[in-house]
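I opened this model to look up helix packing, then open and closed spaces, then backbone oddities. My notes follow in the order I took them.

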Amino acid sequence: MKLNRSTDMALRIAMLTAASPARTTVDELATQLALPRSHVAKVVQRLQRLGVLVTIRGRSGGVAFAEHAGELTVGHVVRAFEGDGEVVNCEQPACPLVAGCRLRGELRRAQAAFLAVLDGVRLGDLADGAAGPLLLALGAPPVRT
């Protein structure tokens with residue numbers, strides 16, 4: 001299964017904000033992740049509605065990882081961004097093999113297994129350990145020696 005670009009961006013934004021103890025801005029996220037600002041803004045909005053991020057308006061506002069978002073799973077985010085659709089659509093166009101096809105069931109099983117694995121990964125775990133400092137170094141100017 002291939003994740004769409006919005007899902008990929010959402011997971012990257014969640015990881016980066018989980019690692020950061022301070023608020024950040026949409027502009028900073030876009031720069032750090034080398035993503036278009038307009039796309040980042042849309043994804044941040046969706047993550048806020050999911051309870052992954054909190055957004056604060058105003059001059060000293062910004063974006064932060066929500067207090068209990070670390071307990072949410074990657075599977076939760078993937079489902080929210082990808083939807084519940086099947087890997088293949090056997091109805092559009094109508095497949096002449098649908099009556100006797102065994103592939104559709106196996107693809108459903110594979111998709112369920114994929115999501116089950118992601119349900120075992122908490123967002124907070126993605127920024128733990130050595131990953132946190134690495135995430136925070138994204139977009140930072142190189143260290144000169």
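**Entry 1: α3 against α4.** I looked at the handedness first. α3 passes α4 in a right-handed crossing. The model is a predicted one, and I read every value below with that in mind. For the geometry I took the angle between α3 and α4, the latter spanning residues 74-82, and got about 120 degrees. The axes of the two helices are 11 Å apart. Angles from 65 to 115 degrees would count as roughly perpendicular. The pair α3 and α4 is therefore oblique.

I then listed who touches whom. From α3, the residues are V43, R46, L47 and L50. They meet H76, V77, A80 and F81 of α4. By class, I noted six nonpolar residues, one polar and one charged in this contact of α3 with α4.

**Entry 2: α1 against α3.** Next I turned to α1, residues 5-19. Its angle with α3 is about 70 degrees, and the axes lie 10 Å apart. That places α1 roughly perpendicular to α3. On the α1 side I found S6, M9, A10 and I13. On the α3 side I found H39, V40, V43, V44 and L47. The contact of α1 with α3 has seven nonpolar residues, two polar and no charged. I note that V43 and L47 of α3 meet α1, and that V43 and L47 also meet α4.

**Entry 3: α1 against α4.** I closed the set with the remaining pair. α1 and α4 pack at about 145 degrees, their axes 9 Å apart. This crossing of α1 past α4 is right-handed. α1 brings S6, T7, A10 and L11 to the contact. α4 brings V74, V77, V78, F81 and E82. I sorted the residues of the α1 and α4 contact into six nonpolar, two polar and one charged. S6 and A10 of α1 serve here, and S6 and A10 also meet α3.

**Entry 4: the largest pocket.** What volume does the largest pocket have? I read about 370 Å³. Its lining has 15 residues, and the closest to the centre are V26, V44, T55, I56 and V63. I checked which elements give two or more residues to this lining: α2 (26-33), α3 (37-50), β1 (53-56) and β2 (62-65). α3 gives the most, with five residues. The lining of the pocket divides into five nonpolar, seven polar and three charged residues. V44, listed here by the pocket centre, is one of the α3 residues that meet α1.

**Entry 5: the largest cavity.** I then counted closed spaces. There is one cavity of 30 Å³ or more. The largest cavity holds about 30 Å³ of space. Which residues line the largest cavity? I wrote down M1, V78, R79, E82, G83, Q111 and L115. α4 and α5 (103-119) each supply at least two of these lining residues. α4 gives the most, with three. The cavity lining comes to three nonpolar, two polar and two charged residues. V78 and E82 line this cavity, and V78 and E82 are also on the α4 side of the contact with α1.

**Entry 6: backbone oddities.** Where is the cis peptide bond? I found it joining Q92 and P93, with omega about -10 degrees. P93 sits in the loop between α4 and α5. I also noted A34, which is not a glycine yet has a positive phi of about 55 degrees. A34 is in the loop between α2 and α3.

Note on methods:
Residues are numbered from 1 along each chain as its sequence is written. This is a predicted model: local features need pLDDT of at least 70, side-chain atom pairs count only at pLDDT 80 or more; totals for chains, interfaces and linings use all residues. Side-chain values use heavy atoms; hydrogens and water are left out. On a 1 Å grid over the protein atoms alone, a cavity is a set of points where a 1.4 Å probe fits but cannot get out, and a pocket is an open set with protein on both sides within 12 Å along at least five of seven lines; lining residues have an atom within 4 Å of a point. Grid points are joined across faces, edges and corners, and a volume is the space filled by probe spheres set on the points. Helices (H or I, at least four residues) and strands (E, at least two) are DSSP runs, numbered from the N terminus. Ala, Val, Leu, Ile, Met, Phe, Trp, Tyr, Cys and Pro count as nonpolar, Asp, Glu, Lys and Arg as charged, and the others, Gly among them, as polar. Axes are lines fitted to C-alpha atoms, for helices over the stretch in contact, and angles run from 0 to 180 degrees between N-to-C directions. Angles under 35 degrees count as roughly parallel, over 145 as roughly antiparallel, 65 to 115 as roughly perpendicular and the rest as oblique. A crossing is left-handed if the near helix is turned anticlockwise from the far one by less than a right angle, and right-handed if clockwise. Contact means heavy atoms within 4.5 Å.
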